[in-house]
2 protein chains.
Amino acid sequence: MRKDFGVKTWGYPMPVFIVAAYDKDGKPNCMNAAWGGIYDTNQIMVCIADDHKTTQNIIESGAFTVSIADAKHVIEADYVGIVSGNKVPDKMEKAGLTTTKSAFVNAPIINEFPMTVECKLLKFNEDGICIGEIVNVSADVSVLGEDGQIDPEKLQAITYDPVHHTYIKLGEKVGNAFSDGKKLK
Amino acid sequence: MRKDFGVKTWGYPMPVFIVAAYDKDGKPNCMNAAWGGIYDTNQIMVCIADDHKTTQNIIESGAFTVSIADAKHVIEADYVGIVSGNKVPDKMEKAGLTTTKSAFVNAPIINEFPMTVECKLLKFNEDGICIGEIVNVSADVSVLGEDGQIDPEKLQAITYDPVHHTYIKLGEKVGNAFSDGKKLK
């Protein structure tokens with residue numbers, strides 16, 4: 001039996017994307033976005049309102065990064081989603097977040113988050129959604145496995161629970177199932 | 001220290017959305033989409049290629065559902081992402097998936113998946129991305145908590161690992177951090 005919840009902007013998983021960009025003076029700011037995902041080959045999308053400081057920064061700088069929030073920094077990730085860079089100019093310092101300029105785009109990499117998708121602004125599309133062209137993905141060596149690839153168990157990415165407004169850690173691997181040779185019942 | 005991976009269509013988490021629609025004869029089909037997410041208030045997006053049977057079905061029927069794949073059905077979820085409905089017309093039967101027509105839109109709810117986002121096709125946007133207007137979210141009562149809401153620990157949603165082409169279960173809650181009264185360091 002099913003229960004109907006009506007019109008709800010819900011999904012599982014929803015990401016915890018930390019979107020960061022420089023303002024015209026080179027000062028970094030960032031925000032937390034749960035509405036987003038891969039848009040197309042080498043493209044990522046985030047739905048961010050016009051009035052955010054980060055939105056204005058992306059328009060001015062033509063670039064942004066998307067950091068993957070991890071369990072170690074859930075407090076910081078949540079804080080930058082609640083506090084506005086328009087009202088708290090030193091929001092990033094308050095959050096204890098530091099940055100390094102990307103070698104690929106004019107946007108800040110937040111050092112504390114272990115994985116970053118570095119993007120050129122492709123456009124704000126017909127619906128005002130921010131579309132980025134991915135020009136590099138980088139990850140801290142501490143989250144790499146023995147194969148040199150990103151290891152999700154080390155990454156400890158978090159997801160947003162839209163029903164309870166909490167965060168959930170990615171857990172154990174469940175195998176790749178049919179492709180892995182497992183049979184349908 | 002960071003490692004650069006270059007241009008990669010990677011994110012964490014990426015969803016395992018099972019997109020389903022009827023063809024013009026009312027026969028359901030479905031596919032697995034990892035490129036998607038919440039697009040805007042009450043809107044969901046999925047990037048699905050033109051040549052998919054499900055894409056054609058969505059265009060013809062004007063509606064679709066997005067099921068949240070769960071750990072119990074990872075084999076089925078993976079199978080419907082690998083096998084094409086154009087080549088295997090009885091793909092859903094082969095996967096052991098059954099459907100019930102949504103009470104809200106002209107699209108099939110897959111009974112085996114515990115949560116479904118029921119959508120009217122709003123449009124394929126300027127980039128060919130499928131945008132749905134969410135008209136209802138439904139969930140099986142077996143995944144509800146005592147508060148009557150969806151309980152992520154019961155839902156056991158899975159996510160796609162684009163690096164290893166495997167699936168990862170959502171795990172434990174990490175609290176809502178700053179909003180929960182926790183302090184920045």
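How many salt bridges does the rule find across the interface of chain B and chain A? The rule finds six salt bridges there. The structure is a predicted model, and this report describes first the contact between the two chains, then the sheet that joins them, and finally some residues with notable backbone geometry.

## The interface

One of the salt bridges links A:Lys123 with B:Glu126, and the closest N and O atoms of this pair are 3.7 Å apart. This pair satisfies the rule because a salt bridge requires the nitrogen and the carboxyl oxygen to lie within 4 Å. Polar contacts also cross the interface of chain B and chain A: the rule finds 39 residue pairs of this kind, with both residues at pLDDT 80 or more. On the side of chain B that touches chain A, strand β13 of chain B (residues 166-175) gives the most, with 10 residues. The residues on that side of chain B comprise 48 nonpolar, 22 polar and 22 charged ones.

The size of an interface is often expressed as the accessible area lost when the parts come together. Here, chain B and chain A bury about 8,000 Å² between them, and 61% of this area is on carbon and sulfur atoms. Three residues, B:Arg2, B:Tyr12 and B:Ile38, supply 10% of the area that chain B buries against chain A, which is more than any other three residues supply. Counted by residues, the contact takes 92 from chain A and 92 from chain B.

## A sheet shared by two chains

Which strands form the open sheet, and in what order? Six strands take part, in the order β2(A)-β12(A)-β13(A)-β13(B)-β12(B)-β2(B), with antiparallel pairing. The edge strands are β2 of chain A (14-15) and β2 of chain B (14-15), each of which pairs on one side only.

The two chains meet in this sheet where strand β13 of chain A (residues 166-173) pairs with β13(B) in the antiparallel sense, over four bridges. Within this pairing, A:Leu170 stands opposite B:Leu170. Further along the sheet, β2(B) pairs with strand β12 of chain B (residues 158-161), again in the antiparallel sense, over two bridges. In that part of the sheet, B:Pro15 stands opposite B:Thr159 of β12(B).

## Backbone geometry in the loops

Most residues other than glycine have a negative phi, and most peptide bonds are trans. The table lists residues and bonds that depart from these patterns.

| Residue or bond | Feature | Value |
|---|---|---|
| A:Tyr12 to A:Pro13 | cis peptide bond | omega near -5° |
| B:Tyr12 to B:Pro13 | cis peptide bond | omega near -5° |
| A:Asn42 | positive phi | about 60° |
| B:His165 | positive phi | about 55° |

Where do these residues lie? A:Pro13 is in the loop between β1 (2-4) and β2 of chain A, and B:Pro13 is in the loop between β1 (2-4) and β2 of chain B. A:Asn42 belongs to the loop between β5 (36-40) and β6 (43-46) of chain A. B:His165 occupies the loop between β12 and β13 of chain B.

Are the two residues with positive phi buried, exposed or partly exposed? A:Asn42 counts as partly exposed because its relative accessibility is 25%. B:His165 is likewise partly exposed, with a relative accessible area of 47%. Both values fall in this class because buried means under 20% and exposed means over 50%.

Terms used. Residues are numbered from 1 along each chain as its sequence is written. Chains are lettered from A and ligands numbered from 1 in the order in which they are written. This is a predicted model: local features need pLDDT of at least 70, side-chain atom pairs count only at pLDDT 80 or more; totals for chains, interfaces and linings use all residues. Side-chain values use heavy atoms; hydrogens and water are left out. Contact means heavy atoms within 4.5 Å. Buried area is the accessible area (1.4 Å probe) that two parts lose on being put together, summed over both. A salt bridge is a side-chain nitrogen of Lys or Arg within 4 Å of a carboxyl oxygen of Asp or Glu. A polar contact is a pair of N or O atoms within 3.5 Å; within protein, one must be able to donate a hydrogen and the other to accept it, and residues adjacent in sequence count only if both atoms are side-chain atoms. Ala, Val, Leu, Ile, Met, Phe, Trp, Tyr, Cys and Pro count as nonpolar, Asp, Glu, Lys and Arg as charged, and the others, Gly among them, as polar. Two strands pair if DSSP finds at least two bridges between them. Buried means under 20% relative accessible area, exposed over 50%, partly exposed in between (1.4 Å probe, protein chains only).
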